[in-house]
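Colleague: Hey, can you walk me through this one? I'd like to get the pocket first and the sheet after that.

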Amino acid sequence: MAGCCRGGRPVRPRRREPGVTYGCLASMKTRPGFREEVVSILLSAAEGLREAGCDIYVVGLADEDDTTIWVTEVWQTKEHHDASLELPGAKEAIGRAMPMLTGEFTKQELSVAGGLGL
């Protein structure tokens, strides 16, 4: 937002080359009664993501229903993200969570231009 200021000065967005910073917005639906357990699995798998190249990992709950989970991720590169899925902890977490999911997923990949916290 160009109109934002810090200390009376305009804040310039942090710019990165398109495609260098990889973002992913994803949602998944759990079977009724399993959302909290899946959230716990996702959060426990977050350990070690920074070392794997992850800058931001946020797990959110949809307010409009009790089965949807949203995950927002920002990675140094898509390659870092893809490699993280091969980590033993990630594979184990995915294996534990899958039986509690319905198979309804959304995913939007994007190039991150910048923002707060990056």
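Modeller: Sure. This is a predicted model. For the largest pocket, β3, α1, β5, α2 (78-84), α3 (88-97) and β6 each supply at least two residues of the lining.

Colleague: Which of them gives the largest share of that lining?

Modeller: That's α3, with five residues.

Colleague: And which residues are closest to the pocket's centre?

Modeller: M28, L42, E73, L85 and I94, out of 28 lining residues.

Colleague: How many of the lining residues are nonpolar, polar or charged?

Modeller: You get 20 nonpolar, five polar and three charged ones.

Colleague: Okay, and what's the volume of the largest pocket?

Modeller: About 670 Å³.

Colleague: Switching to the sheet: what order do the strands come in?

Modeller: It's an open sheet of four strands, β4-β5-β3-β6, with antiparallel pairing.

Colleague: Why is one side of β4 and of β6 left without a neighbour?

Modeller: Because β4 (54-61) and β6 (101-111) stand at the edges, each has a single partner strand, so one side of each has no neighbour in the sheet.

Colleague: What about the twist?

Modeller: From one strand to the next, the twist averages 15°.

Colleague: Does a helix come into this anywhere? What does α1 touch?

Modeller: Helix α1 (residues 35-44) packs on the sheet and touches β3, β4, β5 (68-75) and β6. The direction of α1 makes about 170° with that of β4.

Colleague: Last one: how many bridges are there between β3 and β6?

Modeller: Eight, with β3 (residues 22-30) and β6 running antiparallel. As one example, Y22 has S111 in β6 as its bridge partner.

How values were computed: Residues are numbered from 1 along each chain as its sequence is written. This is a predicted model: local features need pLDDT of at least 70, side-chain atom pairs count only at pLDDT 80 or more; totals for chains, interfaces and linings use all residues. Side-chain values use heavy atoms; hydrogens and water are left out. Two strands pair if DSSP finds at least two bridges between them. Axes are lines fitted to C-alpha atoms, for helices over the stretch in contact, and angles run from 0 to 180 degrees between N-to-C directions. Contact means heavy atoms within 4.5 Å. On a 1 Å grid over the protein atoms alone, a cavity is a set of points where a 1.4 Å probe fits but cannot get out, and a pocket is an open set with protein on both sides within 12 Å along at least five of seven lines; lining residues have an atom within 4 Å of a point. Grid points are joined across faces, edges and corners, and a volume is the space filled by probe spheres set on the points. Ala, Val, Leu, Ile, Met, Phe, Trp, Tyr, Cys and Pro count as nonpolar, Asp, Glu, Lys and Arg as charged, and the others, Gly among them, as polar.
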